[in-house]
Amino acid sequence: MIKIKPISQAILNEGEDFILAFPITARRTMEIALAGFRVLRKHPLVYTWTSAPTLEPYGSEDATTDFNYVGEDGLGEGDDIFEIPDEYPWRIYHFGIGIRPSDVAVYRAYPAGYPTEGFAWKTPVSPGDKRDYFTGAESPFDNPTTVSESVVFYKLSFTIALSNFSAQSVKPVLKFLGAAYDVAMYRSKADLETLLSRNVRVITVGGLREFPWSIPEEWKHYIQEFMFFEVK
Amino acid sequence: MVKPEDTFEIIASVGTDEYDLKPVHGTSSQVPTRKFARKIYAIIATDTSGSANTLTIRVYQSDGSTLDRSFNLKLSANETKTIISKPDAPLLTVYAGEYLKAIASGASVSLVMVGYDL
């Protein structure tokens, strides 16, 4: 049972550790690359995004958008608000997405081209599908929840799609709420094993489905691969 | 609890021709099939004909032509009837796929409804 708790309860404090998990294979064999971090500095991250397109009523062709980046001037328009500049390879965004009104669904794909999914019977998910989305009911505008928990780091592309499930046209407003961390990275496999034994927070980027992830050059020496299970 | 941003109004001037009661900025009087139901919790009707009038609210099945249920609101000349409940105690339920329409015995009745979809 998934716990729907406010994203504010999942945001880390300075001095706390966390692990990012990158699936290598996640089917019969579970092999994951892990990167461990400590939060050195934490900055508030709030963005009220009022540049979403108007979505026509449910059932209309224009009720749903394609995946695109979150731009200052619109979905796929203007500067990407989640692009982390070259001088910040150790900056990580950790946030939830609040949605107004409640009947608008958000689908995520990050990295771009790889929608986050839970159901495994038919992939990939397409915007407008009846699965693998969250609405303002699950993640309200004023109090985004961990259902929408997202992590963006340097060089990771973050895209969303929107779909209107209501009977009237709407211009949704999203609130991205969380924190930006400046982090230090743990450098050895032993460090990561220690973190795992301490049950520090493990965050999967883009879900547990395998995808061709890429990480910043600065991280590559320190990421560690673990094989957890193999089903014969 | 329903949030204010999730409610909508239906505003219509209903005459002797049947009128589709669709949400403001909506394109259809049919409740989306993705929903469970539309709940109406406020109805304000005003006769603007200057004569006694009867407003009939009709709910059609998903084929759009088979009348399933209806009720009348009788109005004296220039009368305003205000029927307001709480969002969690709605007055009228229209299920997914059904259509909400209205017709008046005379021209015309100014109608405002407030509701939400579940």
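I began with the place where the two chains meet in this predicted model, and I found that 13 residues of chain A and 14 residues of chain B take part in the contact. Looking at the side of chain B that touches chain A, I sorted its residues into five nonpolar, four polar and five charged.

Next I turned to the fold of chain A, where I noted 12 strands and one helix. Reading from the N terminus, I wrote the order of elements as β-β-β-β-β-β-β-β-β-β-α-β-β. Chain A has a radius of gyration of 18 Å, close to the 17 Å that the globule rule gives for 232 residues, so I recorded chain A as being as compact as a globular protein of that length. I also looked up the extent of the C-alpha trace of chain A, which spans about 55 × 45 × 30 Å along its principal axes.

For contacts within chain A, I took those with a separation of 6 or more and saw that 77% of them join residues 24 or more positions apart. I then checked burial, and 38% of the 232 residues of chain A count as buried.

My last entry concerns the largest nonpolar core, which has 79 residues, and those with the most contacts inside it are A:Val106, A:Leu162, B:Val14, B:Leu55, B:Ala102 and B:Leu111. From chain A, strand 10 (residues 173–185) gives the most to this core, with six residues. I followed B:Leu111 further and, leaving aside its neighbours within four places in sequence, listed its contacts as B:Ala12, B:Val14, B:Ala45, B:Leu55 and B:Ala102. As background I noted that nonpolar side chains tend to be buried together in soluble globular proteins.

Terms used. Residues numbered from 1 in each chain as written. Chains lettered and ligands numbered in written order. Predicted model: local features only at pLDDT ≥ 70, side-chain atom pairs only at ≥ 80, totals over all residues. Helix = DSSP H or I, 4+ residues; strand = E, 2+ residues; numbered from the N terminus. Rg over C-alpha atoms; globule rule 2.2 N^0.38 Å. Buried ≥ 20, exposed ≤ 12 C-beta atoms within 10 Å, placed from the backbone. Contact = placed C-beta atoms within 7 Å. Nonpolar A, V, L, I, M, F, W, Y, C, P; charged D, E, K, R; others polar. Core = buried A, V, L, I, M, F, W, Y, C linked by C-beta atoms within 7 Å.
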